[in-house]
Each structure stands twice: as C-alpha cells, then as structure tokens.
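Subject: Structure handover

Hello,

Here is the structure we spoke about. Please open it alongside this message.

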Amino acid sequence: MKISVFPEAEPSQRSETTVAPSSTEPIVLPAPSGKGLFIVEAHLLEGDKVRAVYHSGFWIRDEAYLRSGPRLTVNKDYFELDGHPLAVVGTTYMSGEAQRLYFEYPNVYVWNQELGQIHGAGLNMIRTGWWTGWDKFCNENGEPYDRTLRTLEAYLMTARKYGLPVQFNFFAFLPEVLGGVNPYLDPQAERRQRTLISLVVARFHDVPFLAWDFINEPSISQHLWTMRPNGDPIELASWNAWLAKRYPDRAALAAAWNLPVPAGQGTIPLPDDIEFTLRSAYIGRNSLKVYDFFLFAQEVFANWVHTMRDAVRATGSHNS
C-alpha cells in the first residue's frame, strides 16, 4: 500500500511512504509545512496494479483564515451577507460518505469535493449540525471533546474556502438530556446543554460566516412531532406550578376547564393522550385542558430558547 500527502494547491509536492497492508504499526509521514488544505491519498496495490484508491484530508490550522470571509448578519426581515440582503438558496449538508455520522468519521476530502459541488451549483448557504450521538461529542458534564472542536474547525474552514455561510444546529427534535430526565425542564440536563453550547460557541464566536441554531424540528416530548406531555415527574411539577400561577384558585381552574379538578393541594395530572383527540368529547372531556397544555409547552420551549440564547450571548457571540 502506498500513501502520499500533498497540498491540494500543489499535488506535485508529495510525501510518500509504502507499507505492508497487514502492518499494524502507525504510519508516520513528515509533517507538512505551510498552511491550508492537505490531501491524503492511499493506493492499495497488488504487485504493480492499483486495486483501490481512498482519499482523506486535513487542514493545517490558520486562525486568520478561519476568522475571515463573508460576514453573515440579519436585519428585521432577511439574512445579510457583507451588508447586502441574502436570498438564501441552500441545503442541509453533512457528508455523502458518512451522513449523520460525519463527526464520528470526518473526511475533509469528501467535504471539500461536495461543498465545491454545492458552491458550483449556485447554492449560497449550508446548514449542518448534530442529529445524533451527542455522547460522542462531549463528556458527561456537557464539555465538548477537543476532537469535536477540531472537527468543527475543519468543517468551517472547508466552508470558508467556498464562501458558504454556515448555520450550525446543536440538537435535533429534542435537546439531548445528557444523563438527565426532561429535555427542557431538568436542571441537570439544562446545565449540561448550556455547557456544551457555551464552550462550542466560545471557540468560534468570532467566525464571521457562522450562525447558531439551537434545535431542528423541535418537539416538546419523546413523542416526536406531536404536542404531547413527556410524562415525567419534573414536567408534572412544572405543569402544576404553571397552573397555580395562571389561576388564582382551584375554583377558577375548574370554571376555565368546565371540568372538575382535585381540590386543595391535590396534583392535577397532565392531559391524557385521548384528550388530544376529537373523541375525548364522547367520554366527558374537552379541549380546554389541552389548550392550557399548549400554552404551557410553548412557554417551556420559549424559556429554554432564551436560556440557551443567553449562554451564547455570554460568550460574546451575536450570531444566533
């Protein structure tokens, strides 16, 4: 097997080595000089015949390059790029090789090829982020691993090469509980989420073409894409606290719902699944309790977003 490393801009400047395919020893090549994108090319040989070719790549860190490029901002109506309105024609992109596992199996060569194609097709913005596997990105306290930050740095530098602004998404569908119980209300989960977001944003807070997105297609509970209770004790306690703040007493609550409710300090249960359906009217229920749950859930989500936004602002970033 023959392995070579060369600057993308100067393919003739190669460092090469040959190793036996069965070798388990680490392969060491001379450290490249200069900055920029480098390509790793491996040829699997059978005698003189090339049986397979594989490419990978890496960036030599260039802080000035990463922190230059187009500046993405927003006005009250539109995204702006370098002060001009940006009519976004973009796509969500991770990797054609590893899909959502692109942070676990990063390949800068693939990103470079595919982002070049995206740019060449006339698209002007990309959206990416984490859809799965948060335990691979950070420890039990929500602190991102250095390899996580270096992988994001390489991704951003590749996007920078093609002038593509990046909208980076931290969570998908539900905020990762990171060992907690409720994705929005568990103080431990919230603290770890805040730690993860804060430390990532702090590393890249002055990258001009980067914007932060907290969650893709948010749901309020594990019943994805439906407005249903999560059903855990933390949510139940928060629901009762919210009702106590909204209604002066149980009589007012019973009148608002046109239903009997537990008297005194009895716990008011979360709505049952059937109460979210039209059929609930046939068994003595109505939609008024569900209406309040919708308001409660929206307030819970808005409070979570504000908490994460404040964590981003505390780093000095204004790109969210």
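Below is what was found in it, starting with the core and ending with the sheet.

Please keep in mind that this is a predicted model.

Nonpolar cores

The largest nonpolar core has 69 residues, and the members that touch the most others are Phe170 and Phe204. Helix α7, which covers residues 288–314, is the biggest contributor to this core, with 8 residues. Apart from this core lies another one of 5 residues, including Leu72, Leu81, Leu86 and Met125.

What does Phe170 touch, if residues up to four places away in sequence are not counted? The list is Trp130, Trp134, Ile197, Val200, Val201, Trp212, Asp213 and Phe214.

Met308 sits in helix α7. Its relative accessibility is 0%, and buried means under 20%, so Met308 counts as buried. Outside its neighbours within four places in sequence, Met308 is in contact with Glu190, Gln193, Arg194, Ile197 and Phe214. Ile197 and Phe214 also appear among the residues that Phe170 touches. Between Met308 and Arg191 there are 9.8 Å in space, C-alpha to C-alpha, although the two are 117 residues apart in sequence.

Aromatic residues

A pair of aromatic rings is described by the distance of the centres and the angle of the planes. There are 31 aromatic pairs in the structure. In one of them, the ring centres of Trp130 and Phe137 are 4.6 Å apart with the planes at 25°; planes under 30 degrees apart count as stacked, so this pair is stacked. Trp130 has a relative accessible area of 1% and is buried. Phe137 is buried too, at 5% relative accessibility.

Trp239 and Phe296 make an edge-to-face pair, with 5.5 Å from centre to centre and 70° between the planes. Trp239 belongs to helix α5 (residues 233–246) and Phe296 to helix α7, so this pair ties together parts that are 57 residues apart in sequence. Trp239 and Phe296 are both buried.

Trp130 and Phe137 also belong to one aromatic cluster, together with Tyr93, Tyr102, Phe103, Trp111, Tyr155, Phe168, Phe170 and Trp212. Phe170 therefore turns up twice in this message, because buried nonpolar residues joined through side-chain atoms within 4.5 Å form a core, and Phe170 is also a member of the aromatic cluster.

Two arginines lie over ring faces. Arg147 is over the face of Tyr145, at 4.4 Å from the ring centre. Arg160 is over the face of Tyr65, at 4.5 Å from the ring centre.

The sheet

Which strands form the open sheet, and in what order? There are 4 strands, in the order β8-β9-β10-β11, and the pairing is parallel. β8 (90–92) and β11 (210–216) are at the edges with a single partner strand each, so each has one side without a neighbour in the sheet. On average, neighbouring strands are turned by 20° against each other, direction ignored.

Strand β9 (residues 125–129) pairs with strand β10 (residues 166–172) in the parallel sense, over 4 bridges. Arg127 stands opposite Gln167 in β10. Helix α3, residues 146–161, lies across β9, β10 and β11 and runs at about 145° to β10.

Regards

Methods: Residues are numbered from 1 along each chain as its sequence is written. This is a predicted model: local features need pLDDT of at least 70, side-chain atom pairs count only at pLDDT 80 or more; totals for chains, interfaces and linings use all residues. Side-chain values use heavy atoms; hydrogens and water are left out. Buried means under 20% relative accessible area, exposed over 50%, partly exposed in between (1.4 Å probe, protein chains only). Helices (H or I, at least four residues) and strands (E, at least two) are DSSP runs, numbered from the N terminus. Contact means heavy atoms within 4.5 Å. Rings of Phe, Tyr and Trp (its six-membered ring) pair if their centres lie within 6.5 Å; planes under 30 degrees apart count as stacked, over 60 as edge-to-face and the rest as tilted. A charge sits over a ring if NZ of Lys or CZ of Arg is within 6 Å of the ring centre and within 35 degrees of the ring normal. Two strands pair if DSSP finds at least two bridges between them. Axes are lines fitted to C-alpha atoms, for helices over the stretch in contact, and angles run from 0 to 180 degrees between N-to-C directions.
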